[in-house]
Amino acid sequence: MKITIIGTGYVGLVTGACLAELGNNVFCLDVDQKKIDILNSGGIPIHEPGLADVVTRNRAAGRLTFSTDVAASVAHGDIQFIAVGTPPDEDGSADLQYVLAAARNIGRHMDGFKVVVDKSTVPVGTADKVRAAILEELQAREAGVTFSVVSNPEFLKEGAAVEDFMRPDRIVIGCDDTPEGQQAHALMKKLYAPFNRNHERTFWMDVRSAEFTKYAANAMLATRISFMNELANLADKVGADIEAVRHGIGSDPRIGYSFLYAGCGYGGSCFPKDVQALERTARDYGQDLLILRAVEEVNHHQKHVLGQKIVERFGENLTGRHFAVWGLAFKPNTDDMREASSRVLLRQLLERGASVAVHDPVAMAEARRVLALDFADASHMLERIRFSDSPMDALRGADALAIVTEWKAFRSPDFDQVKSLLKAPVIFDGRNLFEPDVIGAAGFEYHGIGRSVLT
Ligand code: NAD
């Protein structure tokens with residue numbers, strides 16, 4: 001099938017590469033010339049395990065093309081996926097300017113039936129806006145072609161995106177019941193047929209329910225995290241171990257173990273903005289989503305907890321203190337720093353006069369870029385960040401180690417070496433990587449999240 005993907009970011013690139021892997025002929029469009037140049041010269045602009053192989057293989061096979069040519073992209077695909085960013089607007093709502101720009105481009109150039117698929121995460125009702133934008137362009141040039149707008153939200157996780165796309169838990173597709181909608185249904189069914197060979201994974205529904213499902217899923221996951229984080233803070237006060245509590249409740253199949261880890265807050269490009277956007281949608285309809293307001297507030301607080309623990313231990317004034325920070329990406333296996341908790345911790349430490357040495361297995365280049373922006377008007381703070389090539393190098397002479405991202409590489413370090421490099425054996429573990437009794441026995445002073453057990 002001939003497919004166009006508009007937006008070649010985390011979602012668009014993975015979607016395009018994986019659909020090409022299934023034998024489709026895929027044209028990927030982006031407005032970012034630099035990104036397209038990297039892709040056309042054989043590079044990959046993001047870190048995503050397994051992606052480079054799929055892209056290289058399918059480019060070589062002639063099934064995957066990258067371009068900035070809008071007219072050619074519209075001409076190519078019978079199905080046009082919109083996978084551009086939907087960042088939060090100032091009022092928390094999803095900024096639809098990129099989605100609507102993509103829609104207008106389609107309307108401006110299409111000369112035959114197209115299925116336009118909203119793959120970006122967009123608020124309920126966006127398909128109507130996309131339809132209106134395309135219609136306006138068609139009417140302006142008196143073009144009598146038909147189309148259908150479909151919602152097909154993406155559930156892949158950064159860091160496991162290729163695997164998630166190729167083996168999805170579910171595929172959600174919302175079509176309307178017009179004749180064009182039925183035509184779109186048939187094409188989408190054909191496109192996703194390879195994923196449904198063993199058992200049907202597609203949930204067919206109306207367009208608005210499909211749009212809503214994506215927000216409901218992310219809001220639920222964010223709620224589980226904030227719930228555990230709030231209980232972890234209480235566990236610290238009452239002297240209980242949140243990890244023991246997690247096992248105790250997760251064993252109930254109605255609760256389950258997934259997404260119950262306490263830590264120093266969630267980040268990334270999805271949970272924070274999607275929770276906000278759903279709240280905003282609710283407000284537009286005169287409803288206040290009380291639970292989600294609390295989820296967001298708890299998360300904002302939680303991103304400060306690691307820094308607060310450091311301040312409780314070393315005092316408000318951290319001038320002359322030096323800390324090692326392991327992990328900068330918002331989660332492991334990605335270089336994505338959007339809304340990462342590390343950025344909050346670094347600000348807390350630097351504002352109090354400390355210096356830091358930071359290390360992340362893959363996000364170093366992105367960290368340099370993002371932190372330069374974060375501290376653009378505070379170069380005196382930026383100067384106090386040392387970018388270390390290895391986790392061990394970051395430890396040299398530090399008053400303590402703070403862990404922000406749960407990279408596998410941080411789970412079993414050589415503790416004797418860690419101790420010898422640190423000025424004092426103190427660890428602030430924002431992801432509960434270690435067992436307090438084991439690390440205590442190894443001679444460390446250990447501060448986890450919700451693990452201050454009274455024995
Ligand atoms: P991203 O910022 O990585 O990529 C977006 C790309 O779109 C950029 O390369 C940008 O240059 C391009 N673009 C913008 N306007 C364009 C236009 N008019 N024409 C062509 N290209 C254009 O974003 P992302 O992380 O891939 O997210 C895309 C959407 O998918 C968002 O709505 C996001 O919420 C959703 N989503 C993201 C994830 C994730 O893990 N990143 C998961 C599920 C859903």
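**Close-up 1. The largest nonpolar core of this predicted model, 118 residues in total.** The members that touch the most other members are I82, V116, V325, V356, L401 and A402. Helix α9 (residues 207-238) chips in with the largest share of this core, at 10 residues. Both domain 1 (2-205) and domain 2 (222-447) are represented, with at least three residues drawn from each. As a bit of background, nonpolar side chains in soluble globular proteins tend to be buried together.

**Close-up 2. I82 and its contacts, leaving aside neighbours within four places in sequence.** Here I82, one of the core residues from the previous view, is in contact with I6 and G7, then with V99, A102 and A103. The rest of its contact list runs V116, V117, D118, K119 and S120.

**Close-up 3. The ligand and the 26 residues that surround it.** Which residues are the closest to the ligand? Those are G7, G9, V11, S120 and T121. Two of these, G7 and S120, also turn up among the contacts of I82. Helices α1 (10-21) and α5 (97-109) each supply at least two residues of the shell. Sorted by class, the shell has 12 nonpolar, 9 polar and 5 charged residues.

**Close-up 4. C270, covered by the "active site" annotation in an unreviewed UniProt entry.** C270 sits in the loop between α10 (242-250) and α11 (271-284). Buried or exposed? C270 counts as buried because 25 other C-beta atoms lie within 10 Å, and the cut-off for that label is 20 or more. Not counting residues up to four places away in sequence, C270 touches T121 and N218; T121 is also one of the residues closest to the ligand.

Terms used:
Residues are numbered from 1 along each chain as its sequence is written. This is a predicted model: local features need pLDDT of at least 70, side-chain atom pairs count only at pLDDT 80 or more; totals for chains, interfaces and linings use all residues. A nonpolar core is a set of buried Ala, Val, Leu, Ile, Met, Phe, Trp, Tyr and Cys residues joined through C-beta atoms within 7 Å. A residue is buried if 20 or more other C-beta atoms lie within 10 Å of its own, exposed if 12 or fewer, and partly exposed in between; C-beta atoms are placed from the backbone. Helices (H or I, at least four residues) and strands (E, at least two) are DSSP runs, numbered from the N terminus. Domain bounds come from an automatic or database domain assignment. Two residues are in contact if their C-beta atoms, placed from the backbone, lie within 7 Å. A residue is near a molecule or strand if its C-beta atom, placed from the backbone, lies within 6 Å of it. Ala, Val, Leu, Ile, Met, Phe, Trp, Tyr, Cys and Pro count as nonpolar, Asp, Glu, Lys and Arg as charged, and the others, Gly among them, as polar. UniProt positions are given in the numbering used here, feature names are shortened, and annotations may be inferred rather than shown by experiment.
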